[in-house]
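Please load the model in a viewer and keep the selection panel open. The stops below are arranged as a sequence of selections, each followed by a description of what is found there.

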Amino acid sequence: MTARRTMAGAALAGLALLTAVSGCTPGDQNVPEKGAIVLATGSDLSSSGVRQDLIRAWEKRTGHTVRIVKLPDTADGQRSQLLAAGQSGNGGYDVLNLDVAWTAEFAEAGVIRPWPASLDGDFLGSVAKTVEYDGKVWGVPFNTDAGLLYYRKDLLDAHGHHRPPANWGELKAWALQAADAYNRRSDQDARAGKKKRPRMYGMVAQLRPYEGLTVNTLESAWANGGDPYATGFAKGEQVGALQLGIADLKDRLGTLMPHEAVTMDETESRRWFADGRAVFMRNWPVEYASVAEKLTAGTAFDVAQLPARPSDGRRLSVLGGQNLAISAGTKRPAGARALIEALTDPGSERCLLERGFAATRDSAYREGAKAPRCPLPPVGAEHGATGQPEPRPDPRTLHDALMAAVPRPRSAHYQTFSKVLQLGVAAYLNGSGGTAIADRLARQADDALGGRGTPQERRPADDG
């Protein structure tokens, strides 16, 4: 099975494929699929629109048509619309672009069908796990993500720190040192009649009660000894990890971050960092190009893996990204499969890497003659310009971060778990309650992950 197989070739591939994918009878196998392939997706997050470019290139190459249905901007809106359409059978979708955390839920709900082949070994091992559930493969990794530490290289260099912090203790000490010195100089300049610069903070992150808060909470729990592959927080070696993790988040909020961090998502925290108002930022690789474009001229930044935890030196982050899956109700299964294979082949993954996304294939990170070639023309080539790839993190740093990243808990009840975590952590960060909130939250999170109860039945914010 080649990665760039055309829809016509897919339709003629034989009984084994069509029976596996769609349950067609022998008489159906020679009937070509007609009509546009409908792909449901959120907006293309890169400024270059590379994902749409790859789809248009496939259309031109094969002569087939793809109709892109844009879903709501929020992840919750996308998930709700896709689930409702899939369960009602009225969506008309063929290919779904899904958040990596949704695989188990969508598989259990019968909204997607199993992928009719095993993944080849080129996909990063951690990324491949995001399409696995209940012993089956349910899609193909499209683009991935790992949390990165953005840092103001110029400010650290000024204090003799010529590398990123090795652990969270170093980050806190260096952040306070750099921010305090910057703010003193700013105050002196203002007294001398110069324009006062915005206040510098030690760090920004995504602490608004949405999925970003869940991600930051998991990473903080893992940094405090939590087992990223454990199935709960209230038993075994996990006991105490969540409590310590959210206590660390509250400490960072009180010492390093502006209070506005409790309202920040990826975009807003990136704005603060790019405006020169934070020494460090936890964010995804896709924000790199925007920071490079908007950071004031003369300042320097870089990215690194998240700081290591002291117990074993592991640099753990949550694995993000999106997977492509075939809709259970598709009328064009062979075309859907051909499109997914083309969008996730080595050349396409190289394009994604060159234009701001984290690629899912190991080969995309190779350099020189061994690197796959992006089939798209250079950016701006249609206007006669040579074009340059978007600014992006060092592929080696990104590759290392992805190899160390861990998927979120794979459960059909993950969304309930995430909502419970968001409610409880937000209450703890914004309130004066003690660690009793965190103790209760560990049990409530375990109940949610196991499908026991609903977020409305558990209201951590009301517990004191």
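## A guided tour of the predicted model

Begin with Asp134, which counts as exposed because its relative accessibility is 61%. The model is a predicted one. Asp134 sits in the loop between β4 (132-133) and β5 (136-137). Its phi is near 55 degrees, a positive value in a residue other than glycine. In general, most residues other than glycine have a negative phi.

**The whole chain.** Next, display the full protein as a cartoon. Its secondary structure comprises 17 helices and twelve strands. Of its 464 residues, 55% count as buried. Among the contacts with a separation of 6 or more, 73% are accounted for by residues 24 or more positions apart.

**The disulfide.** Select Cys351 and Cys374 and show their side chains. How many disulfides does the model hold? The count comes to one disulfide, and it joins Cys351 to Cys374 with an S to S distance of 2.0 Å. Cys351 belongs to helix α14 (residues 346-354), whereas Cys374 belongs to the loop between β12 (358-359) and α15 (395-404), so the pair ties together parts that are 23 residues apart in sequence. The link of Cys351 and Cys374 is right-handed, with 105 degrees about the S-S bond. Are these two cysteines, Cys351 and Cys374, buried or exposed? Both Cys351 and Cys374 are buried.

**Helix α14.** Stay with Cys351 and extend the selection to the helix that holds it. Eight of the nine residues of α14 are buried, so the helix is largely enclosed by the rest of the structure. The buried residues of α14 are Gly347, Ser348, Glu349, Arg350, Cys351, Leu352, Leu353 and Glu354. To see what covers them, colour the surrounding elements, which include α3 (50-62), β6 (140-146), α13 (333-343), β12 and α15.

**The nonpolar core.** Now select Leu82, Tyr93, Tyr150, Phe280, Tyr365 and Phe417. These residues touch the most other members of the largest nonpolar core, which has 128 residues. Helix α16 (residues 414-430) gives the most to this core, with eight residues.

Centre the view on Phe280. Which residues is Phe280 in contact with, leaving aside its neighbours within four places in sequence? Phe280 is in contact with Leu149, Tyr150, Tyr151, Leu156, Pro165, Leu171, Ala175, Gly202, Met203, Val204 and Phe273.

**Arg282.** Move along the chain to Arg282, in strand β9 (residues 278-283). Arg282 is buried, with a relative accessible area of 1%. Not counting residues up to four places away in sequence, Arg282 touches Gly147, Leu148, Met203, Val204, Ala205, Gln206, Val215, Asn216, Glu219 and Leu306. For a distance label, pick the C-alpha atoms of Arg282 and Ala304: they are 9.9 Å apart in space, and the two residues are 22 residues apart in sequence.

**Helices α9 and α16.** Select α9 (residues 211-223) together with α16. Their axes are 9 Å apart and the helices pack at an angle of about 80 degrees, which makes α9 roughly perpendicular to α16. On the α9 side, Glu211, Leu213, Thr214, Thr217 and Leu218 take part, and they meet Tyr414, Phe417, Ser418, Leu421, Gln422, Val425, Ala426 and Leu429 in α16. The residues of this contact divide into eight nonpolar, four polar and one charged.

**Asn183.** Continue to helix α8 (residues 168-191), where Asn183 is placed. Asn183 counts as buried because its relative accessibility, 8%, is under 20%. Not counting residues up to four places away in sequence, Asn183 touches Arg199 and Met200.

**Lys294.** The last selection is Lys294, in helix α12 (residues 288-294). At 46% relative accessibility, Lys294 counts as partly exposed. Lys294 touches Arg270 and Ala274, again not counting residues up to four places away in sequence. Finally, add Asp275 to the selection: its C-alpha atom and that of Lys294 are separated by 7.4 Å, with the two residues 19 residues apart along the chain.

How values were computed: Residues are numbered from 1 along each chain as its sequence is written. This is a predicted model: local features need pLDDT of at least 70, side-chain atom pairs count only at pLDDT 80 or more; totals for chains, interfaces and linings use all residues. Side-chain values use heavy atoms; hydrogens and water are left out. A disulfide is a pair of cysteine sulfur atoms within 2.5 Å. Helices (H or I, at least four residues) and strands (E, at least two) are DSSP runs, numbered from the N terminus. Buried means under 20% relative accessible area, exposed over 50%, partly exposed in between (1.4 Å probe, protein chains only). A nonpolar core is a set of buried Ala, Val, Leu, Ile, Met, Phe, Trp, Tyr and Cys residues joined through side-chain atoms within 4.5 Å. Contact means heavy atoms within 4.5 Å. Axes are lines fitted to C-alpha atoms, for helices over the stretch in contact, and angles run from 0 to 180 degrees between N-to-C directions. Angles under 35 degrees count as roughly parallel, over 145 as roughly antiparallel, 65 to 115 as roughly perpendicular and the rest as oblique. Ala, Val, Leu, Ile, Met, Phe, Trp, Tyr, Cys and Pro count as nonpolar, Asp, Glu, Lys and Arg as charged, and the others, Gly among them, as polar.
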